[in-house]
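Open the model in your viewer and keep the selection tool at hand. The stops below deal with rings, charges and nonpolar cores.

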Amino acid sequence: MTGRRSEPKQERAWRTRAHILLMAAELFAERGYATVTLQDVAERASMTKGAVYFHYKNKEELAVAVVQEHYARWPLLLQEATSRQLPPYETLVAVMDGVTRAFRDDIVVRAGARLQVERSLINGDLPEPYVGWEDYLTDLVEDIDKAGELRAGITPRGAARVLVAAFFGMQHISDVLTRRADLTERYGELRQVVLEGLRA
């Protein structure tokens with residue numbers, strides 16, 4: 001009986017934390033870390049500041065939670081792309097297409113990316129950026145190489161580094177200049193020049 005009574009309370013607490021995190025992500029994506037306060041988050045979430053404090057003790061903890069949730073999005077996306085069992089090059093394109101959609105449509109992904117750029121302002125233990133993507137994309141490009149489809153003179157690790165730099169630079173420029181309104185167009189250019197440039 002006690003367990004059944006506690007489940008709804010735990011579920012409400014989970015939903016409340018998720019709601020606070022989403023509202024904070026909206027603010028961080030819009031305004032950056034420095035100018036957002038917990039009071040701003042409380043107002044956006046239609047909650048009291050004390051209620052927000054109950055779940056997140058300070059802004060740093062909330063920012064770290066947003067970045068962690070940003071990274072939690074990727075395994076499902078990667079699994080979806082690889083489960084289609086496409087040829088190696090098409091798998092790489094499917095992954096990059098999915099990442100682009102996430103940066104365009106998912107506020108938590110956008111907020112997490114901005115917070116990583118502003119990591120020097122955040123007194124918290126943020127995940128290390130970029131390295132995991134380099135490792136993952138290196139594996140994908142190695143599969144392309146094994147299939148005999150990689151352009152001569154290109155190494156999988158080098159290709160992965162260029163892809164990561166090009167993509168994250170592209171999405172950041174799109175964010176700064178157009179709030180990512182032109183992200184799809186810019187990605188199309190990256191796909192044509194960089195991705196297709198990998199093929200033998």
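This tour of a predicted model goes from aromatic pairs to the cores.

**Stop 1: a stacked pair**

Select Trp-74 and Phe-103. These two rings are stacked, with 5.9 Å from centre to centre and 25° between the planes. Colour the helices next: Trp-74 belongs to helix α5 (residues 74–82) and Phe-103 to helix α6 (residues 88–105). With the two positions 29 residues apart, the pair links distant parts of the chain. Are these rings buried or exposed? Trp-74 counts as buried because its relative accessibility is 5%, and Phe-103, at 0%, is buried too; the cut-off for buried is under 20%.

**Stop 2: an edge-to-face pair**

Move to Trp-133 and Tyr-136. The ring centres are 6.2 Å apart and the planes meet at 85°, so this pair is edge-to-face. Both residues sit in helix α8 (residues 131–146); they are 3 residues apart, which means a separation of about one helical turn. Trp-133 is buried, at 9% relative accessible area.

**Stop 3: the ring cluster**

Now add Tyr-130, Phe-167 and Phe-168 to the four residues already selected. Ring pairs join Trp-74, Phe-103, Tyr-130, Trp-133, Tyr-136, Phe-167 and Phe-168 into a cluster. The structure as a whole contains 8 aromatic pairs.

**Stop 4: charges over rings**

Select Arg-17 with Tyr-56. The charged end of Arg-17 sits over the Tyr-56 ring, 4.4 Å from its centre. Then select Arg-199 with Tyr-89: here the arginine lies over the face of the ring, 3.9 Å from the ring centre.

**Stop 5: the largest nonpolar core**

Which residues have the most contacts inside the largest nonpolar core? They are Leu-92, Phe-103, Trp-133, Leu-137, Phe-167 and Leu-195, in a core of 34 residues. To see where the core comes from, show α5, α6, α7 (107–117), α8, α9 (156–178) and α10 (183–195), each of which supplies at least two of its residues. Helix α6 gives the largest share, 9 residues.

Centre the view on Phe-167 and display its neighbours. Leaving aside residues up to four places away in sequence, Phe-167 touches Met-96, Val-99, Thr-100, Phe-103, Tyr-187 and Leu-190. Phe-103 is thus met again, after its stacked pair with Trp-74.

**Stop 6: the second core**

Finally, select Ala-63, Ala-65, Val-67 and Leu-126. They are among the members of a second core, separate from the one above, with 26 residues.

Technical notes:
Residues numbered from 1 in each chain as written. Predicted model: local features only at pLDDT ≥ 70, side-chain atom pairs only at ≥ 80, totals over all residues. Heavy atoms only, no water. Phe/Tyr/Trp six-rings, centres within 6.5 Å; stacked < 30°, edge-to-face > 60°. Helix = DSSP H or I, 4+ residues; strand = E, 2+ residues; numbered from the N terminus. Buried < 20%, exposed > 50% of the residue type's maximum accessible area, 1.4 Å probe, protein only. Lys NZ or Arg CZ within 6 Å of the ring centre and 35° of its normal. Core = buried A, V, L, I, M, F, W, Y, C linked by side-chain atoms within 4.5 Å. Contact = heavy atoms within 4.5 Å.
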